[in-house]
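Visitor: I am new to protein structures and would like some help in reading one. Could we go through it together, feature by feature?

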Amino acid sequence: MAQASHSYFCPCPRGMEAALAEELGEISLRSPTLKVHNQVPGGVHCSGELIDAYQVNLHSRIASRVLMRMAHASYLNENDVYDLALAQPWEDWFSVHRTIRIDITAIKSPLRSLEFTTLKIKDAICDRFREQFNERPSVDTKEPDMRIVGFLDARNVTIYLDTSGEALFKRGWRLDTGDAPLRENLAAGLLRVAGWKPGMVLFDPMCGSGTILAEAAQMLTGIPSGARRSFAFEKFHGFLSEEWKAIKAAIKANPLPAEPTIFGSDISGDAIAMTRANLHQAGIPFEIPLKQIEAQEIKPPSDVPGILLTNPPYGERIELRGDAAIPEDETAKTFFDAFGTTLKQRFPGWKVFLFTADLKVPRLLRLKEARKTPFFNGALECRLFRFDMVQGYNRREEAKPKDDAA
């Protein structure tokens, strides 16, 4: 029996839309029915059968969720939104005994209260179940079985059923997050934007809880991002369990390089221990060389130049790297100045990528970025700075007159 085709929207961290579209294109090679459509700010539209949502949930490292479109229409007021939600066959998708949660986002919506509109969608779903079964689903905002997502612009409302459940960046392996964790899907997107591919040398000298290393190591091994978690679609009516088993059975491990290609270090011994534990939980079958060392003291971990990608400490986190009694600005200045010198002197031929919310970083490093790309880490606006460390950087630096060195 042919499956129906569905429209999907895959939200992602802002700035990662092109990377996600490229990744979805690669996932579509596994399925003749998955089609990638347009990018919009905050995500990518695609379409396919229900089984394609299984594939995207399992394999996408960059998407935050896979939302299946239930309805799309114009609206004037909250009652129009209620009527649209009431008309949808929710009972075809999940049982009245499943718990639900409703979330709404809006851009330029004329409606005064999004909270009231959220209640209207919840009422519509509950009223529909009550009419049919004399029962209504319960709301659970913490760990719902089913998430319903509404999106409003100035004229139209779209209602989605979330096929993912928990956000996809929750891979199911993280034990401890450290101080300011980078979300897993953002780390995966940064690896793609930096041009890293399995087999290339990668070094994170401020690895924190190891998010960048774990994402890279899973890519290298061939472990899909969703291999260690469950999804909302497994609770749908008509869940295709045999097809799902077949998709998971088709996962193939990659041959591993004979020599290590992924390396990490951090000043904090606790961070190194946390990274080791997280890598173990993520199912990484090989040892990643990890070293406890200050970032200013690092040396290239490989004879072959590679990609150095890191999320350096900023704000409160910088105090980990220095003395909390010294003002933050001074600590940052001293740290980045020394780190910049290390990069120039020891890392010729490397491509260095720093992901940070501190836009002064290139100046503090005394390096000119080759490129800067804006991204958001949650609500925090950040930049991915790229520095190309050319041969002879240090000789040029030493040849400069001292008063010009700043």
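**Reading the spaces and the sheet**

Guide: Gladly! This is a predicted model. A search of the whole structure turns up one cavity of 30 Å³ or more.

Visitor: How is empty space found in the first place?

Guide: Rolling a probe the size of a water molecule over the atoms reveals where space is left empty. In this model, the largest cavity holds about 30 Å³ of space.

Visitor: Which residues line the largest cavity?

Guide: Its lining is made by Ser7, Tyr8, Phe9, His45, Arg69 and Tyr160. Strand β1, residues 6–11, gives the most to this lining, with three residues. Sorted by class, the lining of the largest cavity has three nonpolar, two polar and one charged residues.

Visitor: And the pockets? What volume does the largest pocket have?

Guide: The largest pocket has a volume of about 1100 Å³. It is lined by 38 residues, and the closest to its centre are Phe9, Pro11, Gly42, Thr105 and Phe151. You have already met Phe9, in the lining of the largest cavity.

Visitor: Which elements each supply at least two residues of the lining of the largest pocket?

Guide: They are β1, β4 (67–74), β5 (100–106), β6 (146–152), β7 (156–162), α5 (184–193) and β13. By class, the lining of this pocket has 17 nonpolar, 11 polar and 10 charged residues.

Visitor: What about the second largest pocket: which residues are the closest to its centre?

Guide: Of the 25 residues that line the second largest pocket, Glu26, Arg30, Arg61, Arg192 and Met219 are the closest to its centre. The volume of this pocket is about 680 Å³. Two or more lining residues come from each of α1 (17–27), α5 and α6, and α1 gives the largest share, four residues. By class, the lining of the second largest pocket has 11 nonpolar, six polar and eight charged residues.

Visitor: Let us turn to the sheet. In what order do its seven strands lie?

Guide: To read a sheet, follow it from one strand to the next. Here the order is β10-β9-β8-β11-β12-β14-β13, in an open sheet with mixed pairing. β10 (290–292) and β13 (371–377) each have a single partner strand and stand at the edges, so one side of each is left without a neighbour in the sheet. On average, neighbouring strands of this sheet are turned by 20° against each other, direction ignored.

Visitor: Could you show me one pair? How many bridges join β8 to β11?

Guide: Two bridges join strand β8, residues 202–204, to strand β11, residues 307–310, and these strands run parallel. Within the pair, Leu202 stands opposite Ile307 in β11.

Visitor: Which strands does helix α6 lie across?

Guide: Helix α6, residues 211–221, lies across β8, β9 (262–266), β10 and β11, and runs at about 165° to β9. Helix α8, residues 269–281, also packs on the sheet, where it touches β9 and β10. The direction of α8 makes about 165° with that of β10.

Visitor: Let us end with a single residue. Is Thr211 in helix α6 buried or exposed?

Guide: For this, look at the relative accessible area: under 20% counts as buried. Thr211 has 5%, so this residue is buried. Leaving aside neighbours within four places in sequence, Thr211 is in contact with Trp173, Arg174, Leu182, Arg183, Glu184 and Ala187.

Notes:
Residues numbered from 1 in each chain as written. Predicted model: local features only at pLDDT ≥ 70, side-chain atom pairs only at ≥ 80, totals over all residues. Heavy atoms only, no water. Pairing = 2+ DSSP bridges. Axes fitted to C-alpha atoms, helices over the stretch in contact; angles between N-to-C directions. Contact = heavy atoms within 4.5 Å. Buried < 20%, exposed > 50% of the residue type's maximum accessible area, 1.4 Å probe, protein only. 1 Å grid on protein atoms, 1.4 Å probe; cavity = no way out; pocket = protein on both sides within 12 Å on 5 of 7 lines; lining within 4 Å. Points joined across faces, edges and corners; volume = space filled by probe spheres on them. Nonpolar A, V, L, I, M, F, W, Y, C, P; charged D, E, K, R; others polar.
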